[in-house]
Amino acid sequence: MAAALRTLELEVRRRLDGLLQGNHLGLVPGPGSEPGEARTYQPGDDVRRMDWAVTARTTVPHIRETVADRELETWVVADLSPSLDFGTAACEKRDLAVAAVAAVAHLTRGGGNRIGALVSTGERVVRIPARGGLAHARGLIRRIAETPRAPEGTRGDLGAALEQLRRPPRRRGLAVVVSDFLGPMDWQRPLRALSARHDLLAVEVLDPRDVDLPEVGTLILADPETGRQREVHASPLLRREFAAAAAEHRAQVATALRRTGSAHLTLRTDSDWIADMVRFVVARKRRWSGGGVA
């Protein structure tokens, strides 16, 4: 485990450092005192931040962004219910969830920032207090990675974990929810309530078999959160119906997250998750700097 986590940390640092400059500006926008990048002036911008040198050079009004220098408190809600103990590609969804938390910890570390976590297995919720420093971040990732798996037949309860994060109210910051968002969508109300005090980021982790069935003839479908199993023949009709139902659920999740005001990042076990995260963060930076939607 120690070697695997160290390899993960090195991979995250190697791939993200240099690509995502700035402290936590990549995940949460905010004013500060340190000068950042220049961007085109937009109506409503503070003219006191006008960058006259760039304006004169380009003949187009520009302002100078500032890098947020406030302390940031980040809370991660990590869903490790039995549905994430599954994977048919490079890793299990559970492993990808741990990797996503490692990336968030890296992107929000430094400058007095703190990170804490609520880890939900459906059987219990483990709270890791928010603290700063590299040692704490490493310990947090290790504790999440070493969280015992819940017994098969245990139902996840993402909504309950979100409620625990919401009460008592915490200082304003960033709330990150890592889940596959399968099953009932009773997490919408507590997530919407969190949006009143926090910036939200939802990280959806998926496996190819969550969205389509393989063309393999007869197979056994199992629901790890109920223990139910069913033998089916993966006919073309069944595969189409399964894909349509999965696509409809994914669309409902995306719509619900959008209504809560949450940013939405999808990571898959069969893709380069760090590259996907880089594209996501760069796109957010571009939107905040007036460059439009990527």
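Which side chain meets Arg250 in a salt bridge? Keep that one in mind; Exercise 1 works it out.

A quick note before starting: this is a predicted model, where local features need pLDDT of at least 70, side-chain atom pairs count only at pLDDT 80 or more, and totals for chains, interfaces and linings use all residues. Residues are numbered from 1 along each chain as its sequence is written, and side-chain values use heavy atoms, with hydrogens and water left out.

**Exercise 1. Find the partner of Arg250, and say where the two residues sit.**

Step 1: Recall that a salt bridge is a side-chain nitrogen of Lys or Arg within 4 Å of a carboxyl oxygen of Asp or Glu. The partner is Glu204, at 2.4 Å from N to O.

Step 2: Place them. Arg250 belongs to helix α8 (residues 236-259) and Glu204 to strand β7 (residues 198-206), so to speak distant parts of the chain, 46 residues apart. Helices (H or I, at least four residues) and strands (E, at least two) are DSSP runs, numbered from the N terminus.

Step 3: Check exposure. Both Arg250 and Glu204 are buried; that means under 20% relative accessible area, while exposed is over 50% and partly exposed lies in between (1.4 Å probe, protein chains only).

**Exercise 2. Work out whether Glu215 and Arg239 are buried or exposed.**

Step 1: Look at the pair. Glu215 and Arg239 form a salt bridge, with their closest N and O atoms 4.0 Å apart.

Step 2: Locate it. Glu215 lies in the loop between α7 (208-211) and β8 (218-222), and Arg239 in helix α8, 24 residues away.

Step 3: Read the areas. Glu215 has a relative accessible area of 66%, so it's exposed. Arg239 has 27%, so it's partly exposed.

**Exercise 3. Describe how α1 meets α3.**

Step 1: Take the axes, which are lines fitted to C-alpha atoms over the stretch in contact, with angles from 0 to 180 degrees between N-to-C directions. Those of α1 (residues 2-16) and α3 (residues 93-107) come within 10 Å and cross at roughly 55°.

Step 2: Name the angle. That makes α1 oblique to α3, because under 35 degrees is roughly parallel, over 145 roughly antiparallel, 65 to 115 roughly perpendicular and the rest oblique.

Step 3: List the contact (heavy atoms within 4.5 Å). From α1 come Leu8, Val12, Arg13 and Leu16; from α3 come Val98, Ala99, Ala102, Ala103, His106 and Leu107.
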